[in-house]
Amino acid sequence: MLTKFLLPYPLKFVGLALFLPLALLLVLSGVYEFELSWLTWDGFRKEGNLFYGSDENFTYEIAYVGTFLSLFLIAFSKEKIEDEYIQKLRLDSLLLAFYLYSLISIVGTLVFYSFDYLLFMGYNTFSLQVFFIVRFRWVLMNQQKNLLLA
C-alpha cells in the first residue's frame, strides 16, 4: 500500500524519546518560569533599541516547538505493518480528534478571557495530536487483543 504522506517508522521512536523531557520542560518553563541559562540571547542589547537592556530566553519556545514536533512524529509515522485497515483507523481517529479539538476550542473561547485565553489556545494546539494518538493506539490495542483472543 502506498502511503505518500506518512513519516518513516523509526521516527516514531525519536518522537517518543523526545516527548517526555520536552513536555516536562514545557510545564516547568510555563508554570514555574524555569529557564535554561544557555538558551539566553543578548542580541537585543543594542543602544537605541526598544528592548535595550533585556535578555531573551528561549526555553519556553524550544520546549513548545519540541513538544509539538515530538507529538507530530509519534502521530504521523508509519506503523510496522501499514495496511488499509490502519489507514481507515487513522482517518477515523483523526476525525474524532478534530471534533473534540473543535468542541474544546469553542468552549474555551466562551470561558477564557485575556491572557488566560492565549495560554489556553497555546496548550490547546496539542489536544488534536494527543486525542488522535490516544484514540488510534486505544483502538489498535483493542483490535490486537481481540485477535489474540479469537
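Which residue forms a salt bridge with Arg 90? Hold that thought for a moment, and let's get our bearings first. What you're looking at is a predicted model, so take everything below as a reading of that model.

Let's start with the overall layout. The protein has 150 residues, and its secondary structure comes to five helices and two strands. Walk along the sequence and you'll meet them in the order α-β-β-α-α-α-α. Of the residues, 28% count as buried. The protein exposes about 10600 Å², and carbon and sulfur atoms supply 71% of that area. Now look at who touches whom: among contacts with a separation of 6 or more, 70% are between residues 24 or more positions apart.

Back to the opening puzzle. The partner of Arg 90 is Glu 82, with the closest N and O atoms 3.2 Å apart. Are these two tucked away or out in the open? Glu 82 counts as buried because its relative accessibility is 15%, under the 20% cut-off for that label. Arg 90 is buried as well, with a relative accessible area of 9%. As a rule, side chains of opposite charge can pair when their charged atoms come close.

That pair is part of a slightly bigger story, since the structure holds four salt bridges. One of them is a meeting between the side chains of Lys 12 and Glu 79, at 3.5 Å from N to O. Find Lys 12 in helix H1 (residues 11-31) and Glu 79 in the loop between helix H2 (59-75) and H3; the two are 67 residues apart in sequence, so their pairing ties together separate parts of the chain. Both Lys 12 and Glu 79 are buried.

Glu 79 also has a second partner. Its side chain meets that of Arg 137 in a salt bridge, this time at 2.6 Å from N to O. Again the link joins distant parts of the chain, as Arg 137 belongs to helix H5 (residues 127-149) and lies 58 residues from Glu 79. Arg 137 counts as partly exposed because its relative accessibility is 27%, whereas Glu 79, at 11%, counts as buried. Through shared partners, salt bridges join Lys 12, Glu 79 and Arg 137 into one network.

It's worth staying with Glu 79 a little longer. Leaving aside residues up to four places away in sequence, what does Glu 79 touch? The list runs to Tyr 9, Lys 12, Ile 86, Arg 90, Phe 136, Arg 137 and Leu 140. You've already met Arg 90 as the partner of Glu 82, and here Arg 90 turns up again as a contact of Glu 79.

Two other names on that list, Phe 136 and Leu 140, lead us to the nonpolar side of things. The largest nonpolar core has 15 residues, and those with the most contacts inside it are Leu 89, Phe 132, Ile 133, Phe 136 and Leu 140. Helices H1, H2, H3 and H5 each supply at least two residues of this core. The biggest contributor is H5, which gives five residues. For a closer look, pick Leu 89: not counting residues up to four places away in sequence, its contacts are Arg 135, Phe 136, Val 139 and Leu 140.

What about helix H4 (residues 114-124)? Its buried residues are Phe 120, Gly 122 and Asn 124. These buried residues of H4 pack against H2, H3 and H5.

Now turn to the outside. A nonpolar surface patch of about 1000 Å² is made by a group of residues including Leu 95, Phe 98, Tyr 99, Leu 103, Ile 106 and Phe 112. Tyr 99 is a handy one to click on: you'll find it in helix H3 (residues 84-111). With 52% relative accessibility, Tyr 99 counts as exposed, because that label applies over 50%.

Finally, there's something from the record to set beside the model. An unreviewed UniProt entry carries the annotation "transmembrane region" for residues 57-76, 96-115 and 121-140. In the model, residues 57-76 are 85% helix and 5% strand, with the end C-alpha atoms 30 Å apart. For residues 121-140 the figures are 90% helix and 0% strand, and the end C-alpha atoms are 29 Å apart.

Definitions and conventions. Residues are numbered from 1 along each chain as its sequence is written. This is a predicted model: local features need pLDDT of at least 70, side-chain atom pairs count only at pLDDT 80 or more; totals for chains, interfaces and linings use all residues. Side-chain values use heavy atoms; hydrogens and water are left out. Patches are made of residues with over 30% relative accessible area and no salt bridge: like charges are joined within 9 Å, nonpolar side chains (Val, Leu, Ile, Met, Phe, Trp, Tyr) within 5 Å. Accessible areas come from the Shrake-Rupley method with a 1.4 Å probe; for residues, only the protein chains shown count as cover. Helices (H or I, at least four residues) and strands (E, at least two) are DSSP runs, numbered from the N terminus. Buried means under 20% relative accessible area, exposed over 50%, partly exposed in between (1.4 Å probe, protein chains only). UniProt positions are given in the numbering used here, feature names are shortened, and annotations may be inferred rather than shown by experiment. A nonpolar core is a set of buried Ala, Val, Leu, Ile, Met, Phe, Trp, Tyr and Cys residues joined through side-chain atoms within 4.5 Å. Contact means heavy atoms within 4.5 Å.
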